[in-house]
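Hi,

Here is the structure I promised to pass on. Have a look at it first, and my notes follow underneath.

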Amino acid sequence: MAREAEKQSVAILGGGIAGLSCGYFLKKRNIPFTIYESGVGPGGNCSTFAVGDFRFDSGAHRLHDKDPDATTEIKSLLGDRLKKVSAPSHIYHEGKMILFPISAPDAFKKLGAALSMRIAAEALAGRTLRQSDSADFESSSIKRYGKTLAGFFLLNYSEKLWGIPCSRLSAEASGGRLKGMNLKTVVAAALGLRGATEHMDGDFYYPDGGISAISEAMADFIGRKNIRLNSTVTGIHAEAGEIAEIEVNGKSVEAAAGVVSTIPCDELVRIITPKPPSGVRDAADSLKFRDMIIVALFLDVSSVSSSATIYFPDFKYPFTRACEPRNRSAAMSPTGKTSLVFEIPCSEGDAVWKKSDDEIAGIVAESLSAAGLARKNDILGSAVRRMKRAYPVMETGFEKPLRVVMDYLGGLRNLRIAGRNAEFHYSWMHDMIARGKSIAGEFRTERDGEFGGA
Ligand SMILES: Cc1cc2nc3c(=O)[nH]c(=O)nc-3n(C[C@H](O)[C@H](O)[C@H](O)COP(=O)(O)OP(=O)(O)OC[C@H]3O[C@@H](n4cnc5c(N)ncnc54)[C@H](O)[C@@H]3O)c2cc1C
């Protein structure tokens with residue numbers, strides 16, 4: 001009987017936003033499921049840490065209002081704890097804070113007339129070149145925005161973020177961040193025309209007390225008993241074209257009728273038995289991920305900036321961007337104090353990854369004071385967190401091995417894949433919520449854990 005009951009349930013591998021979203025919509029449909037999460041809490045790479053009276057997220061998170069259904073779901077979960085925030089972002093360029101996305105009067109004033117005219121001229125000249133789409137990030141950025149603008153922000157920033165030259169990065173690596181920066185915006189901004197900005201990045205939703213409020217509210221809705229923490233999926237047994245059994249912490253658990261994997265796709269391939277063909281394993285091994293170190297500096301000042309996020313494209317800074325959490329929610333730091341949280345993209349095993357927490361915080365503090373953004377004397381303390389697999393690296397040509405992996409996984413009838421590293425796609429929370437809804441909708445009937453045709 002117990003086995004039959006399990007057979008009608010769904011096993012969700014991973015309890016980040018993707019796994020939680022699947023569980024959330026399955027729960028709404030009364031379909032039984034269990035989430036297996038290797039960590040100590042839900043949320044994955046979308047979490048909030050508390051250190052003393054300070055709170056900070058696993059990188060600068062915000063809920064983009066891009067998918068009305070996803071926003072509505074989160075609003076219904078959080079009620080008035082979800083706030084609309086209006087805070088601009090900036091690019092830190094040679095001591096100046098330039099509004100991002102670029103705003104006409106601001107850019108003209110801060111970049112100066114000569115540079116603004118050059119940006120406009122290049123953007124106009126590039127118009128004729130834009131017909132043929134480029135697969136690599138460098139060419140497509142230059143064609144789209146001109147050499148000067150692409151160079152001063154996009155290319156340096158992206159190389160720091162991804163750790164490879166932009167000529168080896170797929171054009172998809174922007175993750176849609178630049179959609180609002182079209183030719184009209186760039187030219188009008190460079191020429192200093194008013195009203196030209198498409199403000200794509202300044203308004204967003206954010207929960208009181210940190211981004212983890214979303215995963216915690218989902219976990220509450222789902223029911224904590226349906227989430228098994230400290231549970232690493234260590235094996236997947238495939239038989240006759242479907243997943244017959246899964247192994248958690250080295251022990252076999254009852255088979256589920258449906259399996260949703262949100263764990264990184266290369267990891268999934270590695271734990272499947274019998275071993276997938278060598279071509280599939282090689283393809284999975286060729287997919288790369290970027291890790292990240294998060295450094296929080298707690299400051300004895302009430303405010304550093306009004307920015308949601310400050311981008312640092314210059315190579316002389318070890319971090320790519322910083323955010324000031326209290327500009328998203330006042331609950332992120334005690335009254336009269338603030339914090340800055342820096343992202344250092346890197347790979348596990350890099351020299352910086354191996355440094356002690358104090359050494360890393362020291363390097364960041366040094367850069368910060370050199371940039372004139374905060375004084376070392378104002379630093380009350382620091383915290384460092386290492387985050388594995390923050391981003392899938394979309395190196396040119398990644399599509400081919402990815403297709404090999406996904407074709408193989410797609411051949412397992414009762415398996416579905418959801419999530420940033422699981423799908424190897426630069427996706428966002430709202431994408432996870434949409435994907436969770438769509439997968440949950442594939443189950444035929446209530447209390448039926450098999451994928452059907454709904
Ligand atoms: C720095 C940064 C900033 C971001 N900013 C934003 C933003 O502003 N807005 C936005 O919408 N999105 C943002 N995102 C993206 C968002 O956080 C991701 O979409 C999300 O973290 C991916 O969710 P996921 O569930 O696919 O993966 P993950 O969060 O990685 O979750 C996967 C889970 O699987 C678990 N796991 C792995 N292997 C196993 C195993 N073998 N067994 C059991 N469990 C396992 C992991 O512990 C993890 O909890 C950002 C991401 C980063 C890294």
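Let's start with a hairpin: strand β10 (residues 233-239) and strand β11 (residues 242-248) run antiparallel and are joined by 6 bridges. Helices (H or I, at least four residues) and strands (E, at least two) are DSSP runs numbered from the N terminus, and two strands pair if DSSP finds at least two bridges between them. Gly 235 has Glu 247 in β11 as its bridge partner. There are 2 residues between the strands of this hairpin, and Ala 240 takes a positive phi near 50°. β10 is also joined to strand β14 (residues 272-273), by 2 bridges and in parallel; there, His 237 has Thr 273 as its bridge partner.

Before going further, two housekeeping points. Residues are numbered from 1 along each chain as its sequence is written. This is a predicted model, in which local features need pLDDT of at least 70 and side-chain atom pairs count only at pLDDT 80 or more, while totals for chains, interfaces and linings use all residues.

Overall, the protein chain has 16 helices and 20 strands. Of its 454 residues, 48% are buried (20 or more other C-beta atoms within 10 Å of a residue's own, with C-beta atoms placed from the backbone; 12 or fewer is exposed, and in between is partly exposed).

Now the sheets. An open one has 5 strands in the order β9-β2-β1-β13-β20, with parallel pairing. Its edge strands, β9 (227-228) and β20, each pair on one side only. Within it, strand β1 (residues 10-13) and strand β2 (residues 33-36) share 4 bridges, and Leu 13 sits opposite Tyr 36 in β2.

Strand β18 (residues 338-346) has 8 of its 9 residues buried, so it is largely enclosed by the rest of the structure. Strand β15 (residues 288-299) runs antiparallel to β18 with 9 bridges, and Ala 296 is opposite Val 341 there. Strand β17 (residues 321-323) is antiparallel to β18 as well, through 3 bridges; Arg 321 is the bridge partner of Glu 343.

What surrounds the ligand? There are 36 residues around it, and the closest are Gly 14, Gly 16, Gly 44, Gly 59 and Gly 419 (near means a C-beta atom, placed from the backbone, within 6 Å). α2 (17-28), α15 (420-423) and α16 (429-440) each give two or more residues to this shell. By class, the shell has 14 nonpolar, 17 polar and 5 charged residues (Ala, Val, Leu, Ile, Met, Phe, Trp, Tyr, Cys and Pro count as nonpolar, Asp, Glu, Lys and Arg as charged, and the others, Gly among them, as polar).

Gly 419 deserves a click. It lies in the loop between β20 (415-417) and α15, and it is buried because 29 other C-beta atoms lie within 10 Å. Its C-alpha atom is 7.7 Å from that of Gly 19, 400 residues away along the chain. Leaving aside neighbours within four places in sequence, Gly 419 is in contact (C-beta atoms, placed from the backbone, within 7 Å) with Gly 14, Gly 16, Ala 18, Thr 262 and Met 432.

Lastly, with the same four-place exclusion, Val 405 is in contact with Cys 265, Val 269, Val 280, Ala 283 and Ala 284.

Cheers

How values were computed:
Contact = placed C-beta atoms within 7 Å.
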